[in-house]
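Open the model in your viewer and keep the selection panel at hand. The stops below are meant to be taken in order.

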Amino acid sequence: MGEHPSPGPAVAACAEAERIEELEPEAEEQLPAAPEDFDPGNTGYISTGKFRSLLESHSSKLDPHKREVLLALADSHADGQICYHDFISLMSNKRSNSFRQAILQGNRRLSSKALLEEKGLSLSQRLIRHVAYETLPREIDRKWYYDSYTCCPPPWFMITVTLLEVAFFLYNGVSLGQFVLQVTHPRYLKNSLVYHPQLRAQAWRYLTYIFMHAGIEHLGLNVVLQLLVGVPLEMVHGATRIGLVYVAGVVAGSLAVSVADMTAPVVGSSGGVYALVSAHLANIVMNWSGMKCQFKLLRMAVALICMSMEFGRAVWLRFHPSAYPPCPHPSFMAHLGGVAVGITLGVVVLRNYEQRLQDQSLWWIFVAMYTVFVLFAVFWNIFAYTLLDLKLPPPP
């Protein structure tokens with residue numbers, strides 16, 4: 001799936017406009033100064049006339065698509081001069097806001113043929129195109145993704161997490177002799193991965209509870225959602241961004257339970273799954289006109305129905321008479337913590353496919369909000385249980 005034939009000229013030309021990656025700071029400092037012949041005053045700018053003559057004299061050495069982008073850059077500057085670093089940006093494959101804006105302004109020189117209209121694509125190419133239309137709202141980003149995606153590395157994070165969850169579930173099913181509603185088994189909470197309010201000082205439980213599920217019905221819905229939504233998102237945004245949203249949702253879920261449902265344990269990966277799905281759905285709603293995925297209303301409805309079914313099951317189980325009184329069944333608050341992460345941090349991550357996260361002020365605002373919540377929850381877990389004189393269920 002990683003290797004596919006050269007795309008059509010429409011795809012390649014528009015995608016080349018976006019084939020710009022961020023240089024490391026050290027590389028940026030080593031950019032050469034503008035040649036004295038073109039910038040005698042060392043102002044950092046080249047006149048568009050000299051720039052065009054430079055292109056013409058070296059046109060035979062340039063890739064045709066890159067030459068078209070450079071001409072688009074020249075046409076986009078009405079003031080008659082071009083920043084030399086913009087020129088170096090393209091030649092060095094650097095992504096910068098100013099250069100990207102110049103390319104978008106000069107995009108009239110490039111073919112506007114939609115990626116969806118490209119013919120003769122192989123099965124793997126059609127899959128990549130489908131993922132682009134499912135996750136990205138802008139045509140220019142879809143073309144850039146289509147031309148640059150190599151499936152290296154593959155979407156390993158979501159696949160690995162899913163396999164681990166299934167493996168732990170099967171192991172517990174065999175050891176308990178129960179696969180449906182495992183959570184009702186008297187030995188279920190004795191597992192060292194489950195979050196339990198009496199054992200909240202064991203910090204790993206705030207994360208490892210995702211490997212324990214209430215039963216096969218719980219695991220099934222979570223696995224379906226995180227594979228159908230998480231894998232395509234990881235193919236586009238990468239393991240780092242998607243892993244960040246997923247883990248943030250997982251931690252927020254267990255902390256939300258420790259604050260809002262203090263006597264209940266927590267199991268399942270719903271916090272991370274709901275963070276990804278809610279971020280994806282929010283991104284579709286915010287970019288409704290740009291999203292060209294087929295049957296988007298139906299897809300949203302199916303996702304919401306699956307989430308509602310899983311959430312309804314969790315609410316029912318929480319208030320169902322416990323199989324091991326006085327400890328209640330697992331809480332459903334982790335779902336809500338995941339949703340909160342998805343519509344804040346998740347939306348920012350998915351919306352900024354073309355820029356670094358640290359360049360976005362909104363990203364820092366949501367990071368600050370998340371950090372404040374985590375710190376508040378930590379202090380709450382240290383002091384609130386004692387101050388409230390809360391009677392907790394006995395350790396498992």
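The tour goes through the annotated active site, one residue at a time.

This is a predicted model, in which local features need pLDDT of at least 70 and side-chain atom pairs count only at pLDDT 80 or more, while totals for chains, interfaces and linings use all residues. Residues are numbered from 1 along each chain as its sequence is written, and side-chain values use heavy atoms, with hydrogens and water left out.

Select S270 and H335 together. UniProt, in an unreviewed entry, gives these positions the feature "active site"; its positions are in the numbering used here, feature names are shortened, and annotations may be inferred rather than shown by experiment.
They are spread over 66 residues of sequence, yet the largest C-alpha distance is 5.6 Å.

Next, select S270 alone. S270 belongs to helix 12 (residues 270–286); helices are DSSP runs of H or I with at least four residues, numbered from the N terminus. S270 has a relative accessible area of 2% and is buried (under 20% relative accessible area, 1.4 Å probe, protein chains only).

Now show what surrounds S270. Beyond neighbours within four places in sequence, S270 is in contact (heavy atoms within 4.5 Å) with H218, N222, E310 and H335.

Move to H335, in helix 14 (residues 333–351). H335 is also buried, at a relative accessible area of 4%. Setting aside neighbours within four places in sequence, the contacts of H335 are S270, Y274, E310, F311 and A314. Finally, select F332: its backbone oxygen lies 3.1 Å from a polar side-chain atom of H335.

Terms used: Helix = DSSP H or I, 4+ residues; strand = E, 2+ residues; numbered from the N terminus. Buried < 20%, exposed > 50% of the residue type's maximum accessible area, 1.4 Å probe, protein only. Polar contact = N/O pair within 3.5 Å; in protein donor to acceptor, adjacent residues only side chain to side chain.
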